[in-house]
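Q: I am new to this structure and would like to learn how to read it. Please show it and start with the terms.

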Amino acid sequence: IDSSLELLFVKQLALVRAKLLKDDLGDVERVVSTLDDAAEAARRPGADWESSSETAAAAAISREVRSRQAKVADVAAKAQKQQQAYLQVFQLYQAQIAQLKQAVGEQPATLQMSYRVPDTDLALSASRSDDRTTLSLTCVPDDSAPLLGPQGFVRGVTPLDLGLTLNLNI
């Protein structure tokens, strides 16, 4: 009977240890004292059952967790420092770019491209300047209308002479 009670004692300590480690991982002293108190409360009077292995295991796990938490905090602090350093460098570069723009006279660089679709009256164009992008779709009038001679003049404004432009600013 004593061996089965001792087995229940060990199982109860294991459950207490699991609960303690789940709830309070970082405080080694609290884990050890709570586990010792639970062992004393669960131990049959006069029994020489040992709880030191459970206590030692809980203390080792708690120390390991505290050590890993310290390492995680250290890595997080280093990452924060590195991010601050990158941010300072980025801000420095932004300030230098602003100074260069001011020295040049605020003449922003512009990139422009256009493409006229063959055998159609459609033209696509795109431009990029500072932080603004413009896309244009244009229906241009027929370039050969003046070559039609006097009839083109007599007829007046025709659909071939009108254009349509659609601009999208992104």
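A: Two strands pair if DSSP finds at least two bridges between them. Helices (H or I, at least four residues) and strands (E, at least two) are DSSP runs, numbered from the N terminus. This is a predicted model, where local features need pLDDT of at least 70, side-chain atom pairs count only at pLDDT 80 or more, and totals for chains, interfaces and linings use all residues. Residues are numbered from 1 along each chain as its sequence is written, and side-chain values use heavy atoms, with hydrogens and water left out.

Q: How many bridges join β1 to β2?

A: Seven bridges link β1 (residues 110-116) and β2 (residues 122-129), and the two strands run antiparallel. Opposite L111 stands R128 in β2. The hairpin has five residues between these strands, and D119 takes a positive phi near 60° there.

Q: Which residue of β3 is the bridge partner of A123?

A: That partner is T138. Strand β3 (residues 132-139) runs antiparallel to β2, with eight bridges joining them. Their hairpin has two residues between the strands, and D130 takes a positive phi near 55°.

Q: Is T120 buried or exposed?

A: Buried means under 20% relative accessible area, exposed over 50%, and partly exposed in between (1.4 Å probe, protein chains only). T120 counts as partly exposed because its relative accessibility is 32%. T120 lies in the loop between β1 and β2.

Q: Which element has the lowest mean pLDDT?

A: pLDDT is the predictor's confidence in each residue, from 0 to 100. Helix α4 (residues 150-155) has the lowest mean, 50, and helix α3 (residues 52-104) the highest, 88. Where pLDDT is low, the predicted coordinates should not be read in detail.
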